[in-house]
Amino acid sequence: MIWKHPAAPMRLASFIVGLTLLAACASTAGSDAARQVKLEPDPAHICDFCERLNEPAEPFQIHGDTYYVGTAMISSVLIASDDGLVLVNGGMTQTASQIAANIEALGFSLADLRLIVNTHAHFDHAGGIAALARATGAKVAASTRGVEALKQGRPTEDDPQRGIEDNVFPAVPQARIAADGETLKVGDIAVTAHYTPAHTPGSAAWSWRSCEAGRCLDVVFADSFSTRSAPGFRFTGDDDYPGRLETFRSAVATVADLPCDVLLTPSPLSFGVKEKLAARAENPTVNPFIDSDACRAYAAKGEAGLDKRIAEETAEQ
Ligand SMILES: [Zn+2]
């Protein structure tokens with residue numbers, strides 16, 4: 001399908017088939033630059049560590065068309081083209097204005113945001129999506145179970161964190177399903193969904209190609225493999241979700257096997273943003289974000305975390 005940008009009625013766009021393709025319309029980013037959009041953030045999420053999570057960070061280029069626009073503790077990534085912008089993850093409700101300001105600080109216009117994709121629907125990565133989509137008319141896409149959570153503004157029944165009362169966020173009723181392996185397009189940006197049910201049943205990694213000075217790399221925004229859960233939740237012996245452990249391991253294998261030169265994750269701590277920026281400041285001729293072993297190492301760490309969790313649950317029995 002070609003998703004039409006509702007705020008740009010002059011654009012030529014048409015519905016074609018299924019949910020196979022998202023294409024930017026015959027567009028001129030320049031005309032949108034003059035169009036102002038007004039972000040009206042939803043009320044701030046309240047939690048003990050929310051202020052820390054929302055600590056501001058300077059936006060920066062990762063490689064080519066790929067930019068970091070999140071906070072010091074929550075990743076959001078922008079992919080830019082002349083025909084529109086794509087955002088991966090929306091932070092907390094109070095992060096939306098920071099993401100918007102970071103996009104503008106990089107010289108892009110928030111008005112050009114066409115698509116928001118989500119790796120998992122928890123308050124700290126999906127909370128800002130509703131306001132950003134409302135302001136810009138951007139489409140929102142996630143996995144099948146991810147869309148279920150986005151539409152209800154809370155994790156699905158089988159989510160390990162479902163029992164955490166305040167893990168709620170503004171619902172995104174217009175969210176659409178991207179099938180496993182489906183590629184969505186905005187201009188020359190093509191982002192592909194890879195279902196990785198682990199941290200949540202709706203978790204997905206998103207991958208795309210990013211080119212800079214003729215060097216094209218595979219970028220993967222993998223989802224969290226954290227086993228953090230509500231009290232009392234068990235990954236082992238879960239009758240409501242009997243294949244949970246096998247599914248988790250298969251998600252880990254999916255990420256390990258993806259073509260991957262640059263790894264990004266929902267937490268900037270998990271891909272070493274601080275250290276990498278320091279290394280790049282020291283030696284700007286080398287981009288430390290490029291690491292073709294990063295996805296495999298991240299997956300191995302994820303699996304080790306699951307094994308640790310299983311050992312803990314077994315010891316408790
Ligand atoms: Zn989460």
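This is a short tour of the protein chain, stop by stop, with a selection to make at each one.

**Before you start**

Keep in mind that you're looking at a predicted model. Show the protein chain as a cartoon and you'll have nine helices and twelve strands to explore. The chain has 317 residues, and 48% of them count as buried. Distant parts of the sequence meet a lot here: take the contacts between residues at least 6 apart in sequence, and 67% of them join residues at least 24 apart.

**Stop 1: the seven-stranded sheet**

Select β1 through β7. These seven strands make an open sheet, in the order β1-β2-β3-β4-β5-β6-β7, with mixed pairing. β1 and β7 are the edge strands, each with a single partner, so one side of each has no neighbour in the sheet.

Now zoom in on residues 60-63, which are β1, and 66-68, which are β2; the two pair in the antiparallel sense over three bridges. Which residue of β2 is the bridge partner of Phe60? Click on Tyr68 and you've found it. Between the two strands sit two residues, making this a hairpin, and Gly64 in the turn has a positive phi of about 55 degrees.

Slide along to β3, residues 77-81. Five bridges join β3 to β4, and the two run antiparallel. To see one of the bridges, show Ser81 together with its partner in β4, Gly84.

**Stop 2: helix α6, lying on the sheet**

Stay with the sheet and add α6. This helix packs on the sheet, touching β6 and β7, and its direction makes about 125 degrees with that of β6. Select residues 144-152 to get the whole of α6, then colour its buried residues: Arg145, Gly146, Val147, Ala149 and Leu150. What do these buried residues pack against? Show α4 (123-126), β6 (139-142), β7 (176-177) and β10 (204-212), and you'll have the answer on screen. Right after α6 comes Gly153, with a positive phi near 70 degrees.

**Stop 3: Asn118 in its loop**

Next, select Asn118, in the loop between β5 and α4. Is Asn118 buried or exposed? It has 30 C-beta neighbours inside 10 Å, and 20 or more is enough to count, so Asn118 is buried. Leaving out neighbours within four places in sequence, Asn118 is in contact with Asn89, His125, Ala126, Ile129, Ala142, Gly146 and Leu150. You've already met Gly146 and Leu150 among the buried residues of α6. Try the distance tool on Asn118 and Ile129: eleven residues separate them in sequence, and their C-alpha atoms are 8.6 Å apart.

**Stop 4: helix α5 and Leu132**

Ile129 takes you straight into α5, residues 129-136, where six of the eight residues are buried. Colour those six: Ile129, Ala130, Ala131, Leu132, Ala133 and Thr136. Among the elements covering them are β4 (84-88), α3 (96-105), β5 (113-117), α4 and β6. Just past the end of α5, Gly137 takes a positive phi of about 75 degrees.

Now pick out Leu132. The largest nonpolar core has 78 residues, and Leu132 and Leu263 touch the most other members. Not counting residues up to four places away in sequence, Leu132 touches Leu87, Gly90, Ala96, Ile99, Leu113, Ile116 and Ala138.

**Stop 5: the five-stranded sheet**

Hide what you have and select β8 through β12. They form another open sheet with mixed pairing, ordered β8-β9-β10-β11-β12. The edges here are β8 (183-186) and β12 (262-264); each has a single partner strand, so one side is left without a neighbour in the sheet. On average, and ignoring direction, neighbouring strands in this sheet are turned by 25 degrees against each other.

Look at β9, residues 189-195: four bridges join β9 to β10, and these strands run antiparallel. Tyr195 has Ala204 as its bridge partner in β10.

**Last stop: a pair of helices**

Finish with α7 (residues 244-257) and α9 (residues 294-316). They pack at an angle of about 165 degrees, with axes 8 Å apart. That angle makes α7 roughly antiparallel to α9. The crossing of α7 past α9 is left-handed.

To see where they meet, show side chains for Phe248, Arg249, Val252, Val255 and Ala256 in α7. Across from these in α9 are Cys295, Arg296, Tyr298, Ala299, Gly302, Glu303 and Leu306.

Definitions and conventions. Residues numbered from 1 in each chain as written. Predicted model: local features only at pLDDT ≥ 70, side-chain atom pairs only at ≥ 80, totals over all residues. Buried ≥ 20, exposed ≤ 12 C-beta atoms within 10 Å, placed from the backbone. Contact = placed C-beta atoms within 7 Å. Pairing = 2+ DSSP bridges. Core = buried A, V, L, I, M, F, W, Y, C linked by C-beta atoms within 7 Å. Axes fitted to C-alpha atoms, helices over the stretch in contact; angles between N-to-C directions. Parallel < 35°, antiparallel > 145°, perpendicular 65-115°, else oblique. Left-handed = near helix turned anticlockwise from the far one by under 90°.
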